[in-house]
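Let's take a walk through this protein together, one contact at a time. Keep the viewer open and follow along as we go.

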Amino acid sequence: MAQVEATTERVVAADAEKVFDALADYRGTRQKLLPEHFSEYEVREGGDGEGTLVHWKLQATSKRVRDCLLEVSEPTDGQLVEKDRNSSMVTVWTVTPAGEGSSRVVVTTTWNGAGGIGGFFEKTFAPKGLGRIYDAVLANLAAEVEK
């Protein structure tokens, strides 16, 4: 099994603290940021950053739906880590200042891919598809915090 990685980033015209708080607000803001690829969103524990347990289904393609149960941690300032209890998938959100009143948001998702030819196609195409999904999340995030 090869590790698969998808990374997307965006500069947002809002302070890093405001952006991070929006991402960490699983009870309110986060659900509003998710495009149609996400369904069955439910906060099961917590709801604000560290200690949150959140569920959703992620439909990456018409045939591929991943049932995610994510434990959220904040290992360092400006960083949210979502570890899926149902798979090897880990998503890291990193928010850093990017000049006066702006911040850079980088989202990286990694998981253990399939082996063989299926793994080749997964490693080739999955990062692009997931990148498009997270581009939409980051666009929604920018629209939300740049108000």
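**Charges, patches and contacts**

The side chains of R44 and E42 make a salt bridge, with the closest N and O atoms 3.0 Å apart. Please keep in mind that this is a predicted model. How accessible are the two partners? R44 has a relative accessibility of 42%, so it counts as partly exposed. E42 is partly exposed too, because its relative accessible area is 38%.

While you are looking at this part of the chain, find E40, which belongs to strand β2, residues 38-45. The backbone may catch your eye here: E40 has a positive phi of about 55°, although it is not a glycine.

Now for another charged pair. E71 and R85 form a salt bridge, and here the closest N and O atoms are 2.4 Å apart. E71 is part of strand β4 (residues 65-73), while R85 sits in the loop between β5 (79-84) and β6 (90-97), so the salt bridge ties together parts that are 14 residues apart in sequence. With 35% relative accessibility, E71 counts as partly exposed. R85 is also classed as partly exposed, because its value is 47%.

Which parts of the chain does the next pair link? Let's begin with the contact: E9 and R104 meet through their side chains in a salt bridge, at 2.7 Å from N to O. This pair links distant parts of the chain, since E9 belongs to strand β1 (residues 3-12) and R104 to strand β7 (residues 103-112), 95 residues apart. E9 has 45% relative accessibility and therefore counts as partly exposed. For R104 the figure is 33%, so R104 is partly exposed as well.

Salt bridges can also join up into something bigger than a pair. K32, E144 and K147 are linked in a network of salt bridges. How many salt bridges does the rule count in this model? The count comes to seven.

Let's turn to charges that are grouped on the surface. A negative surface patch is formed by D15, E17, D21, D48, E50, E74, D77 and E100. Residues in such a patch must have over 30% relative accessible area and no salt bridge. D21 makes a good example: with a relative accessible area of 42%, D21 is partly exposed. You will find D21 in helix α1, which covers residues 16-24.

There is a nonpolar surface patch to look at as well. I117, F121 and F125 make a patch of about 340 Å². One of its members, F121, is located in helix α3, residues 116-145. The relative accessibility of F121 is 43%, so F121 counts as partly exposed.

Stay with helix α3 for a moment, since G131 has its place there too. Is G131 buried or exposed? G131 is buried, because its relative accessible area is 10% and the cut-off for buried is under 20%. From G131 we can step across to T109: their C-alpha atoms are separated by 9.3 Å, and the two residues are 22 apart along the chain.

T109 is placed in strand β7, the strand that also holds R104. With 0% relative accessibility, T109 counts as buried. What joins the side chains of T109 and T91? They are joined by a polar contact of 2.9 Å.

Two more pairs round off the walk, both described by C-alpha distances. T76 is in the loop between β4 and β5, and with a relative accessible area of 44% T76 is partly exposed. T76 and T94 are 18 residues apart in sequence, and their C-alpha atoms are 9.3 Å apart in space.

For the other pair, look for G28 in the loop between α1 and α2 (29-33). G28 has a relative accessible area of 27%, so G28 is partly exposed. Between the C-alpha atoms of G28 and G47 there are 8.3 Å, and these two glycines are 19 residues apart along the chain.

Technical notes:
Residues numbered from 1 in each chain as written. Predicted model: local features only at pLDDT ≥ 70, side-chain atom pairs only at ≥ 80, totals over all residues. Heavy atoms only, no water. Patch = residues over 30% accessible without salt bridge, like charges linked within 9 Å, V, L, I, M, F, W, Y side chains within 5 Å. Areas by Shrake-Rupley, 256 points an atom, 1.4 Å probe, with all protein chains shown as cover. Salt bridge = Lys/Arg side-chain N within 4 Å of Asp/Glu carboxyl O. Lys, Arg positive; Asp, Glu negative; His and termini not counted. Charge placed at Lys NZ, Arg CZ, Asp CG, Glu CD. Helix = DSSP H or I, 4+ residues; strand = E, 2+ residues; numbered from the N terminus. Buried < 20%, exposed > 50% of the residue type's maximum accessible area, 1.4 Å probe, protein only. Polar contact = N/O pair within 3.5 Å; in protein donor to acceptor, adjacent residues only side chain to side chain.
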